[in-house]
Amino acid sequence: MIIFSICLILPSLFVFVTGGKLPEPEVKIEVIHKPFMCYRKSKYGDMLLVHHEGFLESNGTMFYSSRKHGDTNPVWFTLGIREVLKGWDKGLQGMCTGERRKLTIPPSLAYGKEGKGKIPPSSTLIFDIELMEIRNGPRSHESFREMDLNDDWKLCREEVKEYLKKEFEKHGYSPNDTHHEVMVDDIFKNEDEDKDGFISAREFTYQHDEL
């Protein structure tokens with residue numbers, strides 16, 4: 001029996017699952033403060049600690065502040081895996097520790113036509129977000145093996161992309177999300193240390209400042 005490599009088969013499949021789409025609404029980003037020295041910038045997969053305040057663009061009403069509501073502590077989340085609003089995943093990339101940004105997020109990247117709690121349907125939201133800390137995201141040997149579909153102890157772009165599709169589907173999002181390609185580019189840029197087009201088990205699991 002002939003077993004074809006997933007790295008050879010999947011490119012042809014993506015031709016069929018991707019197609020022409022209307023441009024996705026963008027997040028408006030305004031840098032309020034940026035530190036003079038920036039030793040590390042946020043990227044997909046990083047864990048970020050942030051303080052934030054949220055406002056309705058329509059009338060300026062504040063609907064939440066991490067400094068005033070709840071336990072008043074900043075919050076942790078992992079960037080790029082939909083733990084937060086899609087607008088945050090898009091708008092908090094490339095951010096320095098100590099940086100503050102103002103994000104203006106359209107409804108389709110926030111709470112959509114339904115709204116949520118104090119947020120009316122189809123609301124454009126404004127967030128004032130300060131990045132307090134960046135940490136390496138969670139990694140494990142088990143997650144590497146789950147991604148390594150052909151058991152060759154290295155990850156090609158198609159294997160990483162397939163894993164992202166499954167994770168997004170698991171959380172109820174479209175497997176054809178246009179962010180997949182950007183996320184794969186970012187992952188390989190930061191983790192393919194020898195630039196051979198693959199991420200080895202060592203490159204995946206070894207923790208260092210750039211990951």
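This report walks through the fold of one chain, two of its residues, a surface patch and a pocket.

**The chain as a whole**

The model is a predicted one. Its chain holds 6 helices and 8 strands. Read from the N terminus, these elements follow the order α-β-β-β-β-α-β-β-α-β-α-α-β-α. Of the 211 residues in the chain, 42% count as buried. If you like contact statistics, here is one: taking contacts between residues at least 6 apart in sequence, 65% join residues at least 24 apart. The exposed surface of the chain comes to about 12,100 Å², and 56% of that area is supplied by carbon and sulfur atoms.

**Two loop residues**

Let us turn to two residues for which accessibility was computed. Glutamate 26 sits in the loop between α1 (6–17) and β1, while methionine 37 belongs to the loop between β1 (28–33) and β2 (47–56).

| Residue | Relative accessibility | Class |
|---|---|---|
| Glutamate 26 | 58% | exposed |
| Methionine 37 | 45% | partly exposed |

Why do the two fall into separate classes? Exposed means over 50% relative accessible area, with partly exposed covering the range between that and 20%. Glutamate 26 counts as exposed because its relative accessibility is 58%; methionine 37, at 45%, therefore counts as partly exposed.

Glutamate 26 also has partners from further along the sequence. Setting aside neighbours within four places in sequence, glutamate 26 is in contact with Lys90, Thr104, Pro106 and Leu109. Serine 108 makes a nice example of sequence against space: glutamate 26 and serine 108 are 82 residues apart in sequence, yet their C-alpha atoms are 9.5 Å apart.

**A nonpolar patch**

Methionine 37 has a part in a surface feature too. Together with Phe36 and Tyr39, Met37 forms a nonpolar patch on the surface. The accessible area of these residues together is about 480 Å².

**The second largest pocket**

For anyone thinking about cavities and grids, the second largest pocket encloses about 250 Å³ of space. Two elements, β3 (62–65) and β4 (75–78), give two or more residues to the lining of this pocket. Which element gives the largest share of the lining? That is β4, with 3 residues. In total, 13 residues line the second largest pocket. Nearest its centre lie His52, Val84, Trp88, Tyr111 and Phe127, so named here as a handy set to select in your viewer.

Terms used. Residues numbered from 1 in each chain as written. Predicted model: local features only at pLDDT ≥ 70, side-chain atom pairs only at ≥ 80, totals over all residues. Heavy atoms only, no water. Patch = residues over 30% accessible without salt bridge, like charges linked within 9 Å, V, L, I, M, F, W, Y side chains within 5 Å. Areas by Shrake-Rupley, 256 points an atom, 1.4 Å probe, with all protein chains shown as cover. Salt bridge = Lys/Arg side-chain N within 4 Å of Asp/Glu carboxyl O. Helix = DSSP H or I, 4+ residues; strand = E, 2+ residues; numbered from the N terminus. Buried < 20%, exposed > 50% of the residue type's maximum accessible area, 1.4 Å probe, protein only. Contact = heavy atoms within 4.5 Å. 1 Å grid on protein atoms, 1.4 Å probe; cavity = no way out; pocket = protein on both sides within 12 Å on 5 of 7 lines; lining within 4 Å. Points joined across faces, edges and corners; volume = space filled by probe spheres on them.
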